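Reader: I am new to this one. Please show me the structure, and then I will ask how each label was earned.

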Amino acid sequence: MPNLPVRLLRRPWTAAVAALALALSLFAVVPASGSGMASGCRVDYTLNAWSGGYTAEVRITNTGEALSGWRLAWTYGGDQHVTSAWNATVTQTGHSVTAVNTAWNGALPGGGAVGFGLQGTGQSVDSVPTDFTLNGVSCGGDGTSPPTTPPTTPPPTTPPSAECGDAAVCEDFEDQAGPTPSGNWRFTAPDCQGTGTAAVDTAVAHSGTRSLRLDGRAGYCNHAFVAATADLSSIGPVMHVRMWVRHTTALPAAHVTFVSMPDSSQGGRALRIGGQNGALQWNRESDDATLPAQSPVGVGLSRPLPTDTWQCLRFAVDTSAPGLDTWLDDEQVPGLHADGVPTQDVDAQWLSRTTPPRPTALRLGWESYGTGDDTLWFDDVVVGSSPVGC
Ligand code: CA
């Protein structure tokens, strides 16, 4: 076992739980046997472990020739068991784990890198795998190659929110001059308008002193949205959205929406995020499909949206294949994940429509199809072709 650097972290949200973080960096250039083709890989496996559970950020650096798809395999020495993953499809049989690229991150050029994450359970979660293989070729970490000096601090799991890059929408609402949304935003209440209202709020903000406030009322015609004026129809192939949202009233049993995106693949009807049965859900207006399925098991795989606190909501919409991922405060929500393989209670109904979505705009607000009032705030909204963290 290589000499592992160990860093102790105390999780601010659980004083009783000491989190153990280990960063392991393995580096090797391994020629592919028999082919003479240059091949190799480096794997950075950054572990955050606590009693009974863990997350890991895994970064593959391809030191060989370009790959059009990747498959990273390793073996757990203990009883670790992967329960969910993001930016990869991860399966486990016994101690053997395999992570395969998603539809949108398979291309891995020579010298390029790709990352994915996973969450798991177990009692021996603080041991780090060392026997990585990339497309069947060892990365050389099983004791035959010495590890390089790891970074003094683990790589950040997410870039700072200030780094919007070339995002089409990067909004903190600080330049909104008055109470009426203006500039890059406009109030909209398609179809009909009742008592729902929207305003720039100077009393509640995630960043600075301003945010967007929506007072939504029950009943469809009381819906109210504020739309970004940016045209999002060329964002992709994966459209990444990050927003901070704070709301007041727990998601009701009835169906509601607070993010609505006109979708040209549905003839302009909306791809929506909201809630039903008390938990977050995606909904497709054209066929009313939901993600997850609204069975007890499906709803249990989603999450409520906590009230009276700012929540970081992130999602990735693949516009080239039926793929969808959602994170709440940087934790992937398993019920809000569509991966192209129909899963009962999750995305079996959602994948009945095979045309991938093509969102063209972003609307933030409130729409209720039955009961359910809410007051919500939105702030620090980013939409682009690259992910932006919380
Ligand atoms: Ca702000």
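Author: This is a predicted model. Take contacts between residues at least 6 apart in sequence: 69% of them join residues at least 24 apart.

Reader: What makes two residues a contact here?

Author: Heavy atoms within 4.5 Å make a contact.

Reader: What does the secondary structure of the chain come to?

Author: One helix and 26 strands. Buried residues make up 51% of the 390 residues.

Reader: Why is Trp74 called buried?

Author: Buried means under 20% relative accessible area. Trp74 has 2% relative accessibility, so Trp74 counts as buried. Phe116 has a relative accessible area of 1%, so Phe116 is buried too.

Reader: Why is the pair of Trp74 and Phe116 called stacked?

Author: A pair of aromatic rings is described by the distance of the centres and the angle of the planes. Rings pair if their centres lie within 6.5 Å, and planes under 30 degrees apart count as stacked. The centres of Trp74 and Phe116 are 6.4 Å apart and their planes are at 25 degrees, so this pair is stacked. Trp74 belongs to strand β5 and Phe116 to strand β9, 42 residues apart. Both rings are in one aromatic cluster, with Tyr45, Trp70, Tyr76 and Phe132.

Reader: How do you know that strand β16 is largely enclosed by the rest of the structure?

Author: Five of the five residues of β16 (residues 224-228) are buried, so β16 is largely enclosed. Ala224, Val226 and Ala228 point one way, Phe225 and Ala227 the other.

Reader: Which strands pair with β16?

Author: Two strands pair if there are at least two bridges between them. Strand β13 is joined to β16 by four bridges, running antiparallel. Trp185 stands opposite Ala228. Strand β25 also pairs with β16 over four bridges, in the antiparallel sense. There, Arg363 is the bridge partner of Ala227.

Reader: What makes Arg363 a charge over the ring of Phe225?

Author: The limit is 6 Å from the ring centre, within 35 degrees of the ring normal. The charged end of Arg363 sits over the ring of Phe225, 5.9 Å from its centre.

Reader: What makes an atom a donor of the calcium ion?

Author: For calcium, a donor is an N, O or S atom within 3.2 Å. The protein donors lie 2.3 to 2.8 Å from the ion, and come from Asp172, Glu174, Ser207, Arg210 and Asp379. Ser207 and Asp379 link distant parts of the chain, 172 residues apart. Both are buried.

Technical notes: Residues are numbered from 1 along each chain as its sequence is written. This is a predicted model: local features need pLDDT of at least 70, side-chain atom pairs count only at pLDDT 80 or more; totals for chains, interfaces and linings use all residues. Side-chain values use heavy atoms; hydrogens and water are left out. Helices (H or I, at least four residues) and strands (E, at least two) are DSSP runs, numbered from the N terminus. Buried means under 20% relative accessible area, exposed over 50%, partly exposed in between (1.4 Å probe, protein chains only). Rings of Phe, Tyr and Trp (its six-membered ring) pair if their centres lie within 6.5 Å; planes under 30 degrees apart count as stacked, over 60 as edge-to-face and the rest as tilted.
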